Amino acid sequence: MVYLNNTPVDELLQGFLKVLGDYRFNSVETISVIDGLDRTLAENIFAKRSVPHYHSSAMDGYQVRAEDTKMANVDNPIFLSQEKIKYCDTGELIEPQFDSVIKIEDVHKRDNGIEIIGGATKWQNIRPIGEDITAHDLLFTVGRKLQPMDIAALIASGTYQIKVFKKPKVAIIPTGDEIIPWQKEPKEGEIPDSNSQLFANMIKQWGGEPTVYPVTPDNFDLLERVVKEAWEENDLILVNAGSSAGSEDYTSKVINHLGKVYYHGVAIKPGKPAIFGKIGEKPVIGIPGYPVSAYVVMEEIIKKLYFYLKGEKLPKRKKIEGKLTKPVNSDLKFQEYVRVKVGKIKEQYVVTPLARGAALMSTVMDGDGFLIIPQNSEGYRAGEVVQVELFEDKDFDDIFVCIGSHDLALDILATYLAPQFSLSSAHVGSLGGIMAVKKGETHFAGIHLLDPQTGEYNISYVKKYLKDTGAILVHLAKRTQGLMVAKGNPLNINSIRDLKGKRIANRQKGAGTRVLLDYLMEKEKIKPGEIEGYNREYFTHLAVAQEVKSNRADAAMGIYAAAKAMDLDFVPLYEESYDLLVTPDFFNSPNFKFVLETLRTKRFRREVEELGGYNLNKSGEIIFVEEEKN
Ligand SMILES: Nc1nc2c(c(=O)[nH]1)N[C@H]1C(S)=C(S)[C@@H](COP(=O)(O)OP(=O)(O)OC[C@H]3O[C@@H](n4cnc5c(N)ncnc54)[C@H](O)[C@@H]3O)O[C@H]1N2
Ligand code: MOO
């Protein structure tokens with residue numbers, strides 16, 4: 001074994017399966033058929049009896065002999081006396097002397113019998129023995145994962161006990177001195193054990209039986225004891241964290257002591273420090289600690305291994321192709337798993353890469369899938385068509401893409417759209433939003449851009465950038481922009497002039513708030529060099545508010561609601577117009593009508609105004625239309 005080598009993922013999987021030889025998760029147990037949902041059959045099943053197991057009536061009506069009805073027609077009604085018929089309900093046994101059923105609505109009841117005006121054919125409205133399932137038919141083969149109708153059919157055809165594969169037992173061993181049980185409130189430096197539940201629930205989704213062991217501190221003997229115990233009780237053992245090069249990473253030492261490590265380090269990112277070993281015949285795997293690294297190793301390696309050892313077909317991720325909105329670079333040494341958001345604009349998928357950090361659970365939570373960049377590839381350019389493997393098969397028609405400046409009103413709007421629709425938003429600032437509308441990469445964008453010449457908001461930008469594409473500007477809110485300062489305003493900051501010599505947290509170029517700050521600074525003839533932190537950029541109101549809150553900045557330009565959310569003081573400076581810039585296509589779709597109607601409701605307006613610093617009297621008003629030119 002080479003310590004922390006860099007084995008390509010496919011080579012590792014093949015090699016490790018070879019190491020595991022004939023080992024399989026194939027213990028079998030017998031269970032009642034009614035407990036069989038989602039269980040995997042370990043036997044072939046043949047029908048014990050036919051369904052139906054007797055000739056039965058398919059309708060409510062009268063059993064007759066077809067022969068007796070032959071002559072009946074409209075002009076020649078036939079009367080059948082009580083002895084020649086028998087009433088039956090749907091599903092009832094057909095008596096041997098009869099061979100046909102006439103529906104109740106096709107007969108006229110008479111005293112002592114019925115009258116019919118049409119002949120019945122033999123076997124009409126009768127379900128013969130075995131119509132559905134015939135005794136001795138092969139129903140299912142080994143490996144069938146039982147579904148609700150399967151279980152119903154098994155019961156109907158006489159199988160009550162079934163042999164299924166035992167659920168593979170998977171041990172999950174969280175380790176690390178900083179890791180505490182998930183129920184405890186963490187102090188600084190402590191991390192609640194969230195990964196174990198990630199693993200346990202993935203294992204459950206795969207039909208396995210996870211057991212989470214107590215958190216084990218970074219200690220060789222303690223870890224060895226838990227691994228031994230878990231090894232006795234389980235089919236697969238997962239040890240979490242302690243896989244990288246740090247001196248307290250005991251996982252590989254313990255595996256090597258009890259068995260052997262075959263691979264340490266795989267050429268994927270995130271997830272590279274994973275460990276693959278074997279104790280006795282059982283696989284023992286060390287999974288990296290960062291949640292996304294852990295998720296990638298589970299999805300890409302453990303899942304394949306698990307289904308192989310279970311003898312089941314691997315559930316594959318659905319793939320779609322879409323246009324990349326931003327470039328993604330990749331490390332040549334690794335196969336990279338970039339989490340992406342997917343939107344569907346005019347029948348085309350657009351793919352936006354999310355942040356890359358291996359610790360960012362939110363990138364899996366908010367993401368729709370993986371963009372997998374092969375080893376030895378430098379990545380992709382913006383505009384390239386790329387393939388995405390979806391985490392879940394979704395209906396993208398019900399997802400509205402909103403790329404632009406962020407506002408809390410959009411979050412509230414999202415709560416009104418749910419559950420029919422969801423809002424997939426990316427925060428790239430107002431100018432970024434305008435460009436996304438122009439390039440057809442979003443349905444709409446939130447924008448608030450001041451025209452320093454006219455003092456007017458948004459319209460001049462739409463005229464300038466969207467004169468060919470066309471777009472509709474719909475008003476969302478008037479909101480108060482100002483300075484967020486520490487509680488009690490200890491530095492007595494009351495105007496833009498007071499920022500001189502102070503530390504600020506600034507918004508990124510192209511953000512409406514940044515344009516406004518520059519405008520106000522220009523008016524006061526203040527140079528960027530006179531304000532510390534002018535060049536430190538953040539992407540949201542809350543991010544800059546957080547900087548003030550934690551005293552890394554004295555002030556930040558932003559909206560009242562963000563100051564309030566962070567319990568900061570607020571110095572109001574300017575009322576701006578925050579509008580939605582909508583593509584003509586989306587504007588004319590029924591989906592946008594729903595948005596527009598929501599913006600105009602009292603309830604929505606009031607809820608946003610309650611955040612403070614908002615006026616929604618005119619939300620939903622169409623303020624400017626730039627016609628589409630062909
Ligand atoms: N000097 C080096 N440092 C690191 C390297 C390296 O090559 N050299 N690799 C980095 C990479 S890449 C990864 S991935 C991580 C893997 O780290 P470990 O598997 O050793 O895990 P830890 O260091 O113990 O933890 C990392 C991170 O994950 C959190 N964690 C751990 N267990 C849990 C849990 N059960 N629930 C939630 N979160 C958990 C842990 O607190 C850490 O924040 O190493 C890099 N470092
Ligand atoms: O492998 Mo680490 O998992 O890149 O972040």
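**Note on the predicted model**

1. Pro52 is located in the loop that runs between β2 (45-46) and β3 (56-57). The peptide bond between Val51 and Pro52 is cis, with omega of about -10°. Residue 52 also closes the first segment of domain 2, which is assigned as 28-52 + 131-165.

2. The structure is a predicted model. Mean pLDDT for the protein chain is 94, and 98% of the residues reach 70 or more. The model scores are ipTM 0.96 and pTM 0.85. As a general caution, predicted coordinates should not be read in detail where pLDDT is low.

3. The protein chain is divided into domain 1 (9-24 + 168-310), domain 2 (28-52 + 131-165), domain 3 (56-127), domain 4 (319-394) and domain 5 (409-626). Taken over C-alpha atoms, the centres of domain 2 and domain 3 are 37 Å apart.

4. A second cis peptide bond deserves attention: Lys269 and Pro270 are joined in this way, with omega of about -5°. Pro270 is placed in the loop between β19 (268-269) and β20 (275-279). Both Lys269 and Pro270 belong to the set of residues around ligand 2. In general, most peptide bonds are trans.

5. Which residues surround ligand 2? They are Lys269, Pro270, Gly271, Lys272, Pro273, Pro288, Tyr290, Ser293 and Ala358. Sorted by class, this shell holds five nonpolar, two polar and two charged residues.

6. Strand β26 (residues 369-373) is mostly covered, with five of its five residues buried. Strand β24 (residues 335-345) runs antiparallel to β26 and is joined to it by five bridges; Arg339 is positioned opposite Phe370 of β26. Strand β28 (residues 385-390) is also antiparallel to β26, with two bridges between them. In that pairing, Gly369 stands opposite Leu390 of β28.

7. Two loop residues that adjoin β24 may be examined next. Ser330 sits in the loop between β23 (328-329) and β24. Ser330 counts as buried because it has 21 C-beta neighbours inside 10 Å, where 20 or more are required. Its C-alpha atom is separated by 22 Å from that of Gly289, 41 residues away along the chain. Glu347 lies in the loop between β24 and β25 (348-353). Glu347 is exposed, since 6 other C-beta atoms lie within 10 Å and the limit for this class is 12 or fewer.

8. Glu347 has a phi near 70°, a positive value in a residue other than glycine. Asn489 likewise has a positive phi, near 45°, and is not glycine. Asn489 is found in the loop between β32 (471-485) and β33 (504-507), and with 17 C-beta neighbours inside 10 Å it counts as partly exposed. As a rule, most residues other than glycine have a negative phi.

9. Helix α16 (residues 590-599) has Phe592, Val595 and Leu599 among its buried residues. These three cover an arc of only 50° around the axis, and therefore lie on the same side of α16. The exposed residues Pro590, Lys593 and Glu597 are on the face turned away from the buried side of α16.

10. Is Tyr534 buried or exposed? Tyr534 lies in the loop between α12 (512-523) and β34 (537-538). It counts as buried, because it has 20 C-beta neighbours inside 10 Å and the class begins at 20. The C-alpha atoms of Tyr534 and Asp35 are 64 Å apart, with these positions 499 residues apart along the chain.

Methods
Residues numbered from 1 in each chain as written. Chains lettered and ligands numbered in written order. Predicted model: local features only at pLDDT ≥ 70, side-chain atom pairs only at ≥ 80, totals over all residues. Near = placed C-beta within 6 Å. Nonpolar A, V, L, I, M, F, W, Y, C, P; charged D, E, K, R; others polar. Domains from an automatic or database assignment. pLDDT = per-residue confidence, 0-100. Helix = DSSP H or I, 4+ residues; strand = E, 2+ residues; numbered from the N terminus. Pairing = 2+ DSSP bridges. Arc of directions from axis to C-beta.
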